[in-house]
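Please look over the sequence and the structure below before reading on. This report deals with charged side chains that pair up and with an open space in the protein.

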Amino acid sequence: MSIAVIAGLGNPGSKYQHTRHNIGFEVIEALADRLGAKWKAQAKFESEIAETTHGAQRLLLVKPQTFMNNSGRALGALMRYRRLDPANLLLIFDDITLDLARCKLSLTGSAGGHNGVADILSQLGPGFGRFRGGVGAKPHKSMDLADYVLSQFSTEERKLLAEQMPTYVAHLLRIIDSDFDTAMNTINQRNASEHERNQNQNL
């Protein structure tokens with residue numbers, strides 16, 4: 001697959017900054033900084049878009065501004081206008097089934113309860129790449145999922161994410177540079193982070 005569009009999912013507005021559901025925005029903003037890309041609002045696609053290049057590859061970095069549950073409306077309009085297939089899209093979003101600061105790359109599967117991904121599947125169908133950033137599981141099973149994903153990261157969690165962000169960006173560049181299967185095999189190798197090793201030592 002040839003990646004032409006990389007979209008990070010989140011909710012617009014200061015109210016949602018630094019919440020778990022907005023990790024897609026944070027990761028793609030870090031990628032834009034790395035590539036020197038500048039964001040511009042494009043009302044036609046209800047998104048903020050940054051046009052850039054990496055090597056010979058031209059890229060559109062996208063932050064849908066439709067709020068999470070309507071992400072497919074923005075991306076569907078953009079992909080149809082550009083006459084691009086789902087295989088040209090890489091999506092970045094939060095995943096509560098992965099430990100905080102872990103990540104996983106995949107190509108298939110259901111929305112897994114993620115409303116933003118579900119809306120994109122309804123607009124585009126399957127076939128797009130999925131870069132999932134771990135935000136950790138709910139601290140209590142009884143906690144409402146919406147309350148959890150819209151909660152702020154703690155100071156310690158933010159520090160951990162900041163340490164991990166260069167790795168996320170390196171992974172994204174690897175996906176652009178290599179074939180998807182090779183990138184997936186490399187990225188999905190699970191090596192314990194320093195944070196996890198410290199936790200194990202304290203048990």
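What follows describes a predicted model, taking salt bridges and then a pocket.

**Salt bridges**

Side chains of opposite charge can pair when their charged atoms come close. A search of the whole structure finds six salt bridges, and the table lists three of them, including the N to O distance for each.

| Pair | N to O distance |
|---|---|
| Glu-157 and Arg-20 | 2.9 Å |
| Arg-158 and Glu-26 | 3.0 Å |
| Glu-29 and Lys-63 | 2.9 Å |

The pair of Glu-157 and Arg-20 links distant parts of the chain, since Glu-157 belongs to helix α5 and Arg-20 to the loop between β1 and α1, 137 residues apart. Glu-157 counts as buried because its relative accessibility of 18% falls under 20%, and Arg-20 is also buried, at 6%.

Arg-158 lies in helix α5 and Glu-26 in helix α1, so their salt bridge ties together parts that are 132 residues apart in sequence. Here Arg-158 is partly exposed, with a relative accessible area of 25%, whereas Glu-26 is buried, at 14%.

Glu-29 in helix α1 and Lys-63 in strand β4 are 34 residues apart in sequence. Glu-29 is partly exposed at 31%, while Lys-63 is buried at 7%, and a network of salt bridges links these two residues with Glu-48.

**The largest pocket**

The volume of the largest pocket is about 510 Å³. It is lined by 27 residues, of which His-21, Gly-112, Gly-113, His-114 and Asn-115 are the closest to its centre. Two or more lining residues come from each of β5, α3, β7 and α4. By class, the lining has 11 nonpolar, 12 polar and four charged residues.

Definitions and conventions:
Residues are numbered from 1 along each chain as its sequence is written. This is a predicted model: local features need pLDDT of at least 70, side-chain atom pairs count only at pLDDT 80 or more; totals for chains, interfaces and linings use all residues. Side-chain values use heavy atoms; hydrogens and water are left out. On a 1 Å grid over the protein atoms alone, a cavity is a set of points where a 1.4 Å probe fits but cannot get out, and a pocket is an open set with protein on both sides within 12 Å along at least five of seven lines; lining residues have an atom within 4 Å of a point. Grid points are joined across faces, edges and corners, and a volume is the space filled by probe spheres set on the points. Helices (H or I, at least four residues) and strands (E, at least two) are DSSP runs, numbered from the N terminus. Ala, Val, Leu, Ile, Met, Phe, Trp, Tyr, Cys and Pro count as nonpolar, Asp, Glu, Lys and Arg as charged, and the others, Gly among them, as polar. A salt bridge is a side-chain nitrogen of Lys or Arg within 4 Å of a carboxyl oxygen of Asp or Glu. Buried means under 20% relative accessible area, exposed over 50%, partly exposed in between (1.4 Å probe, protein chains only).
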